[in-house]
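The following exercises are meant for a reader who is new to this structure. Please attempt each task before turning to its solution.

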Amino acid sequence: MTWAPRRVRSRRTYEDAVEQIELALLAGDLRIGDRLPSERDLATGLGVSRPTVRQAVQALVQVGALHVEPGPGGGIFVRSDDVPGAQLKAHVNLTVSDVAHVLEARRLIEPQVAQLAGIFAGEADFRYMQDTIDRHREVVDDREKSNRMDTRFHLAMARATGNSVLEETVCSLLARISLATDMDYRQPADPLRGICAHEETLDALKSRDPLRIERAMDGHLAILEDLWEREAGRPRLRAWPRPSSTSAHP
Ligand SMILES: [Zn+2]
């Protein structure tokens with residue numbers, strides 16, 4: 001028998017609601033000062049009970065993401081969009097050896113996601129990515145916040161494809177990648193290198209040149225891969241044929 005059991009996910013519904021709101025905050029669908037729908041509308045929209053909504057909102061109030069103003073004119077408001085994203089990671093169990101698979105999956109998917117974003121991204125997407133880079137620079141000394149800004153950039157890129165399946169796929173990858181980034185490396189990645197990579201990627205996206213985007217993503221993804229390779233002392237990726245874009249379009 002080659003089957004090995006994997007831990008099943010056991011989650012409470014309110015955690016799904018928290019995750020959805022956290023994702024909206026990360027992706028910029030909810031911004032600081034925004035008022036959320038009423039508790040009743042949230043319950044209907046999320047398909048959960050009002051006590052569940054209350055529990056989710058309470059959890060997000062506790063981490064400083066939301067605040068609730070009572071009384072007439074009150075409501076549920078966004079206080080900070082810099083959320084820990086704990087729910088996004090909570091259901092991902094990642095071992096060190098899984099990291100190689102995550103990095104490999106990312107190699108296969110994200111450069112093409114970026115190329116698609118290069119076709120479909122609009123000015124608002126570019127502005128959001130630039131804003132993320134600017135904020136990243138401000139928190140460069142705070143590793144956790146810096147990692148969050150990295151996630152935000154990649155999520156924005158996936159969103160810019162306008163394809164919700166790809167967005168979900170990248171989101172699931174990012175939850176795993178951020179665990180890989182959080183791992184205690186002896187030599188953590190230089191966050192400035194990450195910011196430079198984001199700038200290059202954004203410039204490449206704006207140029208809408210698929211080859212330039214591929215090159216930018218190549219350097220970009222190599223940052224975490226190099227780090228993991230050094231740390232694990234083994235090659236990060238298995239050898240697999242990778243036709244270059246040039247040979248695909250002679
Ligand atoms: Zn990045």
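The model is predicted.

**Exercise 1.** Determine what follows helix α3 and what sign its phi has.

Solution. The residue to inspect is Gly 64, which follows α3. Its phi is positive, near 85°.

**Exercise 2.** Check the length of helix α3 against its expected span, and establish which of its residues are buried and how they are arranged.

Solution. Step one concerns length: α3 comprises 13 residues, 50-62, and the distance from its first C-alpha to its last is 18 Å, close to the 18 Å expected at 1.5 Å a residue. Step two applies the burial cut-off, by which a residue is buried if 20 or more other C-beta atoms lie within 10 Å of its own. In α3 the buried residues are Val 53, Ala 56, Val 57 and Leu 60. Because these residues cover an arc of only 95° around the axis, they are on the same side of α3. Step three turns to the other side of α3, where Pro 51 and Gln 62 are exposed. Finally, the packing partners of the buried residues of α3 are α1 (13-27), α2 (39-46), β1 (66-69) and β2 (75-78).

**Exercise 3.** Describe how β1 and β2 are joined.

Solution. The two strands run antiparallel and are joined by four bridges. Within this pairing, His 67 has Phe 77 in β2 as its bridge partner. Five residues lie between the strands of the hairpin, in which Gly 71 takes a positive phi near 85°.

**Exercise 4.** Decide whether helix α7 is largely enclosed or not, and examine Gly 162 after it.

Solution. Begin with the span: the end C-alpha atoms of α7 (residues 143-160) are 26 Å apart, which agrees with the 26 Å that its 18 residues should span at 1.5 Å a residue. Next, 15 of the 18 residues of α7 are buried, so the rest of the structure largely encloses this helix. Gly 162 follows α7 and has a positive phi, near 75°. Gly 162 belongs to the loop between α7 and α8 (164-182). Gly 162 counts as partly exposed because it has 15 C-beta neighbours inside 10 Å. Its C-alpha atom is separated by 7.1 Å from that of Phe 120, although the two are 42 residues apart along the chain.

**Exercise 5.** Locate the largest nonpolar core relative to the domains.

Solution. This core has 48 residues, and those with the most contacts inside it are Ala 56 and Met 157. Domain 1 (13-81) and domain 2 (92-238) both contribute residues, so the core lies between them. Leaving aside residues up to four places away in sequence, Met 157 touches Val 113, Ala 114, Ala 117 and Met 129.

Definitions and conventions. Residues are numbered from 1 along each chain as its sequence is written. This is a predicted model: local features need pLDDT of at least 70, side-chain atom pairs count only at pLDDT 80 or more; totals for chains, interfaces and linings use all residues. The expected span of a helix is 1.5 Å times one less than its number of residues. A residue is buried if 20 or more other C-beta atoms lie within 10 Å of its own, exposed if 12 or fewer, and partly exposed in between; C-beta atoms are placed from the backbone. The arc is that of the directions from the helix axis to the C-beta atoms. Two residues are in contact if their C-beta atoms, placed from the backbone, lie within 7 Å. A nonpolar core is a set of buried Ala, Val, Leu, Ile, Met, Phe, Trp, Tyr and Cys residues joined through C-beta atoms within 7 Å. Domain bounds come from an automatic or database domain assignment. Two strands pair if DSSP finds at least two bridges between them.
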